[in-house]
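Here are a few friendly notes to read alongside the structure. I have set them out as numbered points, so you can take them one at a time.

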Amino acid sequence: MFVFNTSFYVQDAVFSLWRQWVEQEMLPALAAGGWSQVAEVFEVVSAVPDAESRIFSVQWRCGSDEQVAQLDEVLVPQLEQCSLKFGQKATHFSTLMKSW
């Protein structure tokens, strides 16, 4: 079992627009691209980068290497759109975790 995690550092000034983008553009685009697993979205409360931004974690569970590759294929264009739309106001990085 894998957990594909994308962490977002979002400035408060664009949070509402970023959340709208996640809910109305990113997640529907993944579904349209054939990705059917539910995303889990969390706000990270144990670490605050500064008083003007928040950290979010979007996670998907993948049962195989093939699912990881499929998710990566449909997610990369969406993350590129995030960078174009928000620039440094909503940055991101992804990690892949494997259960023991």
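1. Let me start with a cut-off: a residue counts as exposed when its relative accessible area is over 50%, and as buried when that area is under 20%. Glu66 has a relative accessibility of 60%, so this residue counts as exposed. Glu66 belongs to helix 2, and its C-alpha atom is 13 Å from that of Val3, although 63 residues separate the two along the chain. Please keep in mind throughout that this is a predicted model.

2. Glu23 is another glutamate to look at, this one in helix 1. With a relative accessible area of 45%, Glu23 is partly exposed, because that class covers what falls between the buried and exposed limits. The C-alpha atom of Glu23 is separated by 14 Å from that of Phe8, which is 15 residues away along the chain.

3. How do the two helices run relative to each other, roughly parallel or roughly antiparallel? Helix 1 spans residues 15–32 and helix 2 spans residues 65–86; their axes come within 10 Å and cross at roughly 150°. That angle makes helix 1 roughly antiparallel to helix 2, since angles over 145 degrees are classed that way. The crossing of helix 1 past helix 2 is right-handed.

4. Now for the residues where these helices meet. Helix 1 contributes Leu17, Trp18, Trp21, Glu25, Met26, Ala29 and Leu30, while helix 2 brings Leu71, Val74, Leu75, Gln78, Cys82, Lys85 and Phe86. Sorted by type, the residues of this contact comprise 11 nonpolar, 1 polar and 2 charged.

5. Is Ser57 buried or exposed? Its relative accessibility is 7%, so Ser57 counts as buried. You will find this serine in strand 3, which covers residues 53–62. Its side chain makes a polar contact of 2.3 Å with the side chain of Asn5, and another polar contact, of 3.2 Å, links the side chains of Ser57 and Gln59. Setting aside residues up to four places away in sequence, Ser57 touches Asn5, Thr6, Ser7, Glu40, Val41, Phe42 and Val44.

6. Met97 sits in strand 4, residues 90–98, and counts as partly exposed because its relative accessibility is 39%. Which residues does Met97 contact beyond its neighbours within four places in sequence? They are Met1, Phe2, Val3, Asn5 and Gln59. Asn5 and Gln59 also appeared in the previous point, as side-chain partners of Ser57. The C-alpha atoms of Met97 and Phe4 are 6.4 Å apart, with their positions 93 residues apart along the chain.

7. Finally, a word on Met1, which is placed in the segment before strand 1 (2–11). Leaving out neighbours within four places in sequence, Met1 contacts Arg61, Cys62, Met97, Lys98 and Ser99. Arg61 is 60 residues away from Met1 along the chain, and their C-alpha atoms are separated by 7.1 Å. Arg61 and Cys62 fall within the residue range of strand 3 (53–62), and Met97 and Lys98 within that of strand 4 (90–98).

Definitions and conventions. Residues numbered from 1 in each chain as written. Predicted model: local features only at pLDDT ≥ 70, side-chain atom pairs only at ≥ 80, totals over all residues. Heavy atoms only, no water. Helix = DSSP H or I, 4+ residues; strand = E, 2+ residues; numbered from the N terminus. Buried < 20%, exposed > 50% of the residue type's maximum accessible area, 1.4 Å probe, protein only. Polar contact = N/O pair within 3.5 Å; in protein donor to acceptor, adjacent residues only side chain to side chain. Contact = heavy atoms within 4.5 Å. Axes fitted to C-alpha atoms, helices over the stretch in contact; angles between N-to-C directions. Parallel < 35°, antiparallel > 145°, perpendicular 65-115°, else oblique. Left-handed = near helix turned anticlockwise from the far one by under 90°. Nonpolar A, V, L, I, M, F, W, Y, C, P; charged D, E, K, R; others polar.
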